[in-house]
Amino acid sequence: MNFTPVLSPIITSFSPSSGYIGQKVGITGSNFNTLTNVSFNNTNAVYTLVSGTGITATPQSGSTTGLIKVTTSGGTAYSATNYTVTLPPPTITSFTPGSGSAGTTVTITGTNLTGSASVRFRYITSSFVRI
């Protein structure tokens, strides 16, 4: 009778080191062949086994800054450092009016604007109010 041991996974690196929900993360290591789960700070991710040494994983809603966990039939590995969850980039869907002189109030509509730190028109930084 032959016995083939199933080795515990090892995470050696991941990239990028930070990103937003839905952004893919490459995880490199070893012994991933029997992959059963990947999570970001204990929130399950959508993942693809690329090879025995590579995984692509996507943090899902609810993921927060913390360690990446890879689980295989051989055990569990944790990243040595945290993956940092950041805000997604802002997207402008519309603005009104389409033109105006200096001092004209402009309403900007979009998604992920809450964390915006500045508003610029061409190269000029403008004051702004979040509504």
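In this predicted model, the two faces of strand 3 differ in cover: Val25, Ile27 and Gly29 form a covered face, while Gly26, Thr28 and Ser30 form an uncovered one. This arrangement can be read against a general rule. In a regular strand, side chains alternate between the two faces of the sheet. Strand 3 spans residues 25-30.

Strand 3 belongs to an open sheet of 4 strands, ordered 1-3-7-6, with antiparallel pairing. At the edges of this sheet lie strand 1 (10-15) and strand 6 (46-51), each of which pairs on one side only. On average, neighbouring strands of the sheet are turned by 25° against each other, direction ignored. Within the sheet, strand 1 and strand 3 run antiparallel and are joined by 5 bridges. One pair of bridge partners consists of serine 15 and, in strand 3, glycine 26. Strand 3 also pairs with strand 7 (residues 54-58), in the antiparallel sense and over 4 bridges. Here valine 25 has alanine 57 of strand 7 as its bridge partner, and threonine 28 has glycine 54 of strand 7. Valine 25 is on the covered face of strand 3, whereas threonine 28 is on the uncovered one.

Another open sheet consists of 4 strands in the order 5-4-8-9, and its pairing is antiparallel. Its edge strands are strand 5 (43-44) and strand 9 (75-78), each pairing on one side only. Strand 8 (residues 68-72) and strand 9 run antiparallel and are joined by 4 bridges. These two strands form a hairpin, with 2 residues between them. Threonine 72 has glycine 75 of strand 9 as its bridge partner. Valine 70 is in turn matched with alanine 77 of strand 9.

The overall make-up of the protein is 14 strands and 0 helices. From the N terminus on, the elements therefore read as a run of β alone, β-β-β-β-β-β-β-β-β-β-β-β-β-β. The radius of gyration is 22 Å, whereas a compact globule of 131 residues would have a value near 14 Å. Along the principal axes, the C-alpha atoms fill a box of roughly 85 × 25 × 20 Å. Of the 131 residues, 24% count as buried.

Empty space was also examined. Rolling a probe the size of a water molecule over the atoms shows where such space is left. The largest pocket has a volume of about 940 Å³. It is lined by 32 residues, of which Val106, Ile108, Val119, Phe128 and Val129 are the closest to its centre. Strand 11 (91-96), strand 12 (107-111) and strand 13 (119-121) each supply at least two residues of the lining. Strand 12 gives the largest share, 5 residues. By residue class, the lining of the largest pocket divides into 13 nonpolar, 17 polar and 2 charged residues.

Several loops contain backbone features that depart from the usual pattern. Most residues other than glycine have a negative phi, and most peptide bonds are trans. A cis peptide bond joins serine 15 to proline 16, with omega about 0°. Proline 16 is located in the loop between strand 1 and strand 2 (18-19), and serine 15 is the residue that has glycine 26 of strand 3 as its bridge partner. A cis peptide bond also joins threonine 96 to proline 97, with omega about -5°. Proline 97 has its place in the loop between strand 11 and strand 12, two of the strands that supply residues to the lining of the largest pocket.

Positive phi values occur at asparagine 31 and asparagine 41, neither of which is a glycine. For asparagine 31, phi is about 65°. This residue lies in the loop between strand 3 and strand 4 (35-40). Asparagine 31 counts as partly exposed because its relative accessibility is 25%, and the class "buried" requires a value under 20%. For asparagine 41, phi is about 50°. Asparagine 41 is found in the loop between strand 4 and strand 5, two strands of the sheet ordered 5-4-8-9. With a relative accessible area of 30%, asparagine 41 is partly exposed as well.

Key. Residues are numbered from 1 along each chain as its sequence is written. This is a predicted model: local features need pLDDT of at least 70, side-chain atom pairs count only at pLDDT 80 or more; totals for chains, interfaces and linings use all residues. Side-chain values use heavy atoms; hydrogens and water are left out. Two strands pair if DSSP finds at least two bridges between them. Axes are lines fitted to C-alpha atoms, for helices over the stretch in contact, and angles run from 0 to 180 degrees between N-to-C directions. On a 1 Å grid over the protein atoms alone, a cavity is a set of points where a 1.4 Å probe fits but cannot get out, and a pocket is an open set with protein on both sides within 12 Å along at least five of seven lines; lining residues have an atom within 4 Å of a point. Grid points are joined across faces, edges and corners, and a volume is the space filled by probe spheres set on the points. Ala, Val, Leu, Ile, Met, Phe, Trp, Tyr, Cys and Pro count as nonpolar, Asp, Glu, Lys and Arg as charged, and the others, Gly among them, as polar. Buried means under 20% relative accessible area, exposed over 50%, partly exposed in between (1.4 Å probe, protein chains only). The radius of gyration is taken over C-alpha atoms; the globule rule is 2.2 Å times the number of residues to the power 0.38.
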